[in-house]
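Notebook open, structure about to go up. I want to look at how the copies relate, then pick one helix and go through it.

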2 protein chains.
Amino acid sequence: MAQPDESPDDRTGPIVEDLVLGSLIGYRLKRAYMRIQPEAQRVLAEDDLRVVSFSCLSIIADNPGIVQAELAQALQMERSNLVVIIDELEDRGLITRTKVPTDRRRYALGVTLRGHHLRDRAAQNIREAEDAVFGRLDEDDRATLIAALLRLEGRATA
Amino acid sequence: MAQPDESPDDRTGPIVEDLVLGSLIGYRLKRAYMRIQPEAQRVLAEDDLRVVSFSCLSIIADNPGIVQAELAQALQMERSNLVVIIDELEDRGLITRTKVPTDRRRYALGVTLRGHHLRDRAAQNIREAEDAVFGRLDEDDRATLIAALLRLEGRATA
DNA sequence: CGTTTATTGTTATTGACTATAACCATTATT
DNA sequence: AATAATGGTTATAGTCAATAACAATAAACG
């Protein structure tokens with residue numbers, strides 16, 4: 001009754017044809033993302049981080065002094081949805097908020113030492129999760145893949 | 001105040017560093033997907049289809065006789081969430097549901113002629129949207145990209 | 001100047017989508 | 001025959017993104 005080839009962790013299940021859908025880049029992107037997303041979520045949860053929290057923490061770490069509106073634009077999310085995330089990161093002592101002297105509407109964001117350590121550790125965990133899910137890629141393959149995805153984003157290197 | 005290079009449809013905005021986050025495959029997949037998803041949504045909406053409805057329609061078209069549980073597994077979604085989608089596709093006369101004689105719990109799904117035409121047209125629209133967003137790729141490049149994404153999914157060709 | 005317009009961070013709310021649990025009918029297992 | 005498992009269904013809860021409105025502040029402009 002089952003398909004001939006079914007292993008315990010079978011991901012494919014019964015063979016289903018997807019000639020049209022499967023040749024769409026958007027569909028393939030989503031499917032690939034669906035493979036890594038739960039794993040990233042899982043490893044980040046060990047540090048009580050959500051994917052979006054980690055993204056914020058990481059961008060702030062690499063852009064000290066960035067303000068919320070810029071961060072929101074960088075992550076393509078709404079300013080309003082950032083607030084609770086920033087609040088929590090600050091409450092946990094992972095980031096700092098300091099008023100910009102020249103513009104009192106804005107808060108300059110920065111990561112604390114703890115925040116930086118957590119970011120680095122979480123990033124390492126995600127990389128290892130990606131290796132586990134996608135299979136280890138050497139640096140060249142990884143760079144090629146990233147470049148291809150950047151090209152899709154319209155951020156071509158050349 | 002603004003960065004030196006800002007065009008009307010500027011996607012990058014002020015240059016924000018993302019050395020760590022940006023080198024994660026998962027993040028790059030998500031970003032690439034975020035570029036095409038709204039456009040796919042938009043072109044499908046012209047035919048009163050959602051992305052998930054189109055996906056169902058397309059899988060059914062390529063797998064006549066498939067039942068809901070199989071379809072749910074193929075699209076990695078919950079059976080329960082499929083019901084309303086299938087209902088609507090049937091109400092619109094795009095698919096048919098016929099009881100399986102040998103197992104009266106199951107409904108064999110199939111697409112009507114109208115459904116098939118709609119599927120083909122919608123697929124073509126999405127392809128054109130992908131070309132517009134990602135830049136036209138020749139068949140070789142497209143195949144290479146699809147193969148790379150399939151490899152990430154653990155569905156390597158070789 | 002002074003008035004108007006725009007921006008930033010914020011709150012509250014809404015809608016869309018996903019996951020979960022429970023249920024009945026039917027089939028498989030034993 | 002009794003029990004367990006499966007398919008479709010319904011209802012519900014939780015998660016997340018999008019929107020609108022607002023006060024404080026700054027920018028634009030007469």
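I superposed chain A on chain B: a rotation of 180 degrees with 0.0 Å of shift along its axis does it, RMSD 0.0 Å (least squares on the C-alpha atoms of residues with pLDDT of at least 70 in both). That is the relation of a two-fold axis. In chain A, I find the C-alpha of L29(A) nearest the axis, at 3.0 Å.

Housekeeping: this is a predicted model, where local features need pLDDT of at least 70 and side-chain atom pairs pLDDT 80 or more, while totals for chains, interfaces and linings use all residues. Residues count from 1 along each chain as written, chains are lettered from A and ligands numbered from 1 in written order, and side-chain values use heavy atoms, without hydrogens and water.

Next, the interface. 100% of the interface residues of chain A are also interface residues in chain B, so the copies meet through the same surface.

Then I checked helix α2 of chain B, residues 51-62 (helices are DSSP runs of H or I, at least four residues; strands are E, at least two; both numbered from the N terminus). Its 12 residues should span 16 Å (1.5 Å times one less than the number of residues), and the end C-alpha atoms sit 17 Å apart, which agrees.

How many residues of α2(B) are buried? I get 9 of 12, so mostly covered (buried is under 20% relative accessible area, 1.4 Å probe, protein chains only). Among them are F54(B), C56(B), L57(B) and I60(B). The cover includes α1, α3, α4, β1, β2 and α5 of chain B (contact: heavy atoms within 4.5 Å).

Key: Buried < 20%, exposed > 50% of the residue type's maximum accessible area, 1.4 Å probe, protein only.
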